[in-house]
Amino acid sequence: MASKNGDIPRIGVYVCHCGTNIGGQVNVPEVVAFARTLPNVVVAREYKYMCSDPGQMLIKEDIQKLNINRVVVASCSPHLHEHTFRKATLEGGRNPFLFHMANIREHVSWVTQDPEKATEKAKAIVEAAVYRIQFHEPLESKHVPVHPDVLIVGGGIAGITAALTLADAGKTVYLIERESSIGGHMAKFDKTFPTLDCASCILTPKMTTVKDHPNIHLMTYAEVLEVDGYVGNFRVKVKKKPRYVIEDRCIGCYVCIEHCVYKTPKHPSEFDEGIGLRKPIYIPFPQAVPLVAVIDPETCIEFKSGRCPKKCQKACREIVGRDAIDFTQKEEILEIQVGAVIIATGFQIFDPSRIPEYGYGRYPNVYTSLEVERLVNASGPTGGAIVLRDGRKPQSVAIIHCVGSRDRNYNPWCSRVCCMYSLKLAHLVRERTGAEVYNCYIDMRTPGKGYEEFYEKLLHEGVHFIRGKVAEVTDWTINPEEAGKLVIRVEDSLIGVVRRIPVDMVILSVGLEPRSDAEELRRLFHISCSAEGWFLERHPKLAPVSTYTDGVYIAGACQGPKDIPDAVAQAGAAAGEVLSLVDRGVIELEPNIAVIDARRCSGCHVCIALCPFSAIAFHAEENVARINEALCKGCGVCVGACPSRAISQQLFKDEQILAEIEGLLMVD
Amino acid sequence: MAYFYYPGCSLKGTGASYEKSLLAVFAALDIPMQELPDWNCCGATSYMSIDEKVALAMAARNLAIAEENGRDIIAPCSACYMVLRKTQKYIKEYAHIRESILTALKQAGLTYRGDSVRIRHPLDVLITDVGVDEIRKRVRRPLNGVRVFPYYGCLIVRPKNGFDHATYPTSMDVLLEALGCEVIDHPLKTKCCGGSLTGTLEEVGMRLVYILLKEAKKRGSHAIATVCPLCQFNLDAYQEKVQKMYSESFAIPVMYVTQLLGYALGAQHTHLGLEQHIIPVQEVFEMVR
């Protein structure tokens with residue numbers, strides 16, 4: 001049988017044991033013996049690890065000595081080693097696309113229990129590959145330049161770190177943040193575990209560096225609207241929400257806020273988790289970057305009634321002389337071009353009102369841990385004083401671990417940071433109020449540098465530790481000591497008794513979960529999510545910041561619960577990946593594009609309307625459609641739709657697929 | 001939709017006012033309901049702990065009869081509700097139990113195919129099938145100003161029943177609000193009433209009754225609303241005893257939610273069993289503003 005381009009296929013088949021991964025389940029010698037009987041197979045070999053240097057050498061030598069011109073490797077998924085074997089084929093002296101990979105690990109040995117059936121299935125898959133490879137043709141890869149600029153979505157500690165690393169390397173970075181200031185969750189914390197250094201002392205210098213960096217374009221109060229293009233060449237539309245304050249003119253002097261018609265703040269401050277109040281015109285926190293006021297149209301009288309005396313605007317104009325307030329500001333859509341993207345959108349906290357027996361939202365003195373972070377923060381609403389809603393100082397405080405985490409009814413995962421931040425809060429509460437502090441935990445999980453030592457320290461600070469999942473936080477009482485208090489009911493599983501602990505304040509150590517709109521972002525950037533909703537890395541161990549979409553990287557807690565050191569480490573890793581891509585300057589694209597046979601094209605336009613990438617244009621003088629190779633992504637829509645069957649897709653041609661099916665069906 | 005009504009032993013005995021008021025409410029809402037023909041005891045919680053196999057077979061007989069006629073069962077008593085659901089679940093999930101039950105049913109000329117019969121609680125039917133808006137529309141005597149302490153008991157919410165939350169149910173709250181009641185929010189909705197401990201371990205049982213009565217009183221309740229004959233009995237019948245044991249006076253009417261519902265929907269007093277309580281309930285209606 002001669003192939004379409006005239007040469008007689010001389011096929012080499014190489015079956016990999018992958019240690020015992022394949023060899024333990026599939027009878028490899030039997031598959032090899034079978035492969036030798038297939039048409040045009042000149043040589044079939046087995047090897048323990050085909051991906052190793054000696055394994056690859058087998059291919060190269062056979063190409064040279066036996067004049068092999070088609071290569072089939074039966075091993076793992078193409079995701080892992082397609083590139084390896086294409087390279088070996090090329091180094092042997094053949095076009096790399098005269099290679100095909102048969103997956104007998106993920107598709108066979110790992111998922112088939114009966115060794116006999118596994119062997120039969122492996123044979124079928126090998127036969128399919130041998131049939132298919134006869135129809136392979138030499139192809140040339142496309143090379144496209146990589147745009148050197150980088151987009152980072154999310155201005156928390158991960159996004160900030162990645163932005164600074166790249167900007168310092170001379171790259172132009174667009175940093176997009178949804179809120180009016182960068183800083184993310186870390187900006188809300190008072191101290192960080194286990195060193196207890198001040199969060200803002202270590203974060204705010206980085207935030208101001210971002211603002212002043214000549215290579216960083218900071219866009220706050222902005223969101224990604226649309227993403228187009230592919231690795232090296234993304235076109236991104238960004239929506240800048242109106243803040244009704246002109247950024248370049250505002251100097252963050254607070255005069256407008258002082259002159260707002262609301263004499264005192266009345267609206268819950270989002271930054272302070274609702275513990276503190278703000279006015280309709282506000283700066284979320286003193287170290288905000290950019291330090292620019294923002295007007296919330298939901299609460300501003302001018303937006304609600306149009307009849308506000310607009311004292312803020314007058315004050316800015318007359319007292320400060322800046323005229324920065326503009327009630328007519330509209331949202332802006334900007335388009336940017338970048339070569340790579342880092343997504344660092346972080347997490348949201350678990351909403352504890354979903355667990356009604358913990359009384360959040362019903363008992364005023366039940367707090368989330370994030371609310372308490374604001375309470376203990378010197379720049380928070382109480383100036384760092386830990387007080388109850390009525391202003392009293394608590395004499396006893398319970399901290400409930402694992403709220404919403406490690407719980408089949410809510411989130412099954414461990415949120416990783418709660419044990420440590422609970423210890424930190426226990427320390428701070430005890431230090432500042434002298435209150436009795438009860439930590440109710442399921443298991444203490446403190447892996448991390450200096451973490452176990454911190455736990456040990458707390459054990460000697462007079463903080464109580466009770467191992468048990470809290471059943472409820474309640475206000476029903478059985479004795480006078482409990483009157484007016486919140487009562488924690490918990491089984492102390494170390495001594496085997498049910499305890500009732502009356503306390504003044506309850507802190508719920510809420511877990512971390514994916515942001516509720518992570519799914520929208522996932523779709524925008526064509527990346528994947530785990531079942532839980534965290535963005536999915538390309539490989540959990542070896543490619544932890546890459547995604548299955550080339551050129552899109554993830555960093556920080558959007559990939560899974562993470563503390564600050566881990567988020568920072570991932571941000572650095574993502575920045576490194578981006579540098580590696582951008583500095584390469586050129587990327588090779590898979591040549592799996594669609595091709596139109598002009599002789600068969602009737603010029604019906606069907607494909608043009610269907611192409612999602614606008615890659616097809618009509619050429620009137622010849623009455624045919626033509627595909628722009630640089631724009632085609634190889635999605636195959638036009639191939640299926642063409643009524644004249646004039647379009648084919650390289651690597652997925654009809655004869656290739658039909659031969660593959662035929663091969664599969666040959667083994668009985 | 002027509003339902004079978006499964007009274008169980010309680011509603012024909014101590015819970016007679018529950019039966020009366022339930023029938024009155026369903027009549028007022030024009031919901032056709034017929035007593036399950038030839039029903040037998042559900043076995044309650046006690047038989048289950050003596051001989052599970054026989055107890056399950058006995059409960060399954062009721063399911064088989066209902067299935068034969070293709071109707072859902074309304075089980076107002078919490079114990080019946082729990083036992084029938086448990087039986088259905090066991091038959092579905094455990095092959096050896098299914099086999100022995102089917103053998104037993106065969107002796108009685110019956111069979112049971114699966115779970116086409118749904119076991120429903122009256123609260124579920126009222127909230128899900130009738131709907132709160134419909135009930136609100138039909139209220140003729142609103143109970144404005146009556147402060148009610150909704151008390152669900154432990155059995156109808158656990159294991160999870162699919163129509164309400166296991167630790168903080170709200171279906172009765174919503175219904176009572178629709179009648180105009182002032183519903184008291186409290187954390188004891190599913191706390192134990194003492195169950196049969198009031199008769200066997202009196203000290204423990206009374207303590208549990210005391211906690212509920214004390215908290216209901218503390219929160220200014222005009223009445224406690226229940227959906228379980230045993231809860232109603234424990235809370236109603238032992239108030240005097242608790243009073244003596246804990247030196248605190250109690251006189252809180254303990255009513256079935258169906259009595260309040262029936263009154264609001266305009267059913268005749270005499271059809272609601274209002275006279276069959278130990279702590280008189282008439283004064284509850286005097287609180288209406």
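**Group meeting: a helix in chain A and a sheet in chain B**

I would like to begin at the end of a helix, where α10 of chain A is followed by A:Gly321, a residue whose phi is positive, near 70°. Please keep in mind throughout that what we are looking at is a predicted model.

Staying with that helix, α10 of chain A runs over residues 311-320, and A:Cys312, A:Gln313 and A:Cys316 in it are buried. These residues cover an arc of only 110° around the axis, and they therefore lie on the same side of α10(A). As for what they meet there, the buried residues of α10(A) pack against α8, residues 255-259, and against β15, residues 281-282, both of chain A.

Let me now step back to the chain that holds this helix. Chain A has 18 helices and 34 strands, and its C-alpha trace spans about 90 × 70 × 40 Å along the principal axes. Of its 668 residues, 45% count as buried, and, among the contacts in chain A with a separation of 6 or more, 70% come from residues 24 or more positions apart.

Turning to chain B, I want to show you an open sheet of 4 strands, which are arranged in the order β2-β1-β3-β4 with parallel pairing. Because β2 (33-35) and β4 (119-120) of chain B stand at the edges with a single partner strand each, one side of each is left without a neighbour in the sheet. The partnership of β1(B), residues 3-5, with β2(B) is parallel and is made over 3 bridges, and within this part of the sheet B:Tyr5 stands opposite B:Glu35 of β2(B).

How values were computed: Residues are numbered from 1 along each chain as its sequence is written. Chains are lettered from A and ligands numbered from 1 in the order in which they are written. This is a predicted model: local features need pLDDT of at least 70, side-chain atom pairs count only at pLDDT 80 or more; totals for chains, interfaces and linings use all residues. Two strands pair if DSSP finds at least two bridges between them. Helices (H or I, at least four residues) and strands (E, at least two) are DSSP runs, numbered from the N terminus. A residue is buried if 20 or more other C-beta atoms lie within 10 Å of its own, exposed if 12 or fewer, and partly exposed in between; C-beta atoms are placed from the backbone. Two residues are in contact if their C-beta atoms, placed from the backbone, lie within 7 Å. The arc is that of the directions from the helix axis to the C-beta atoms.
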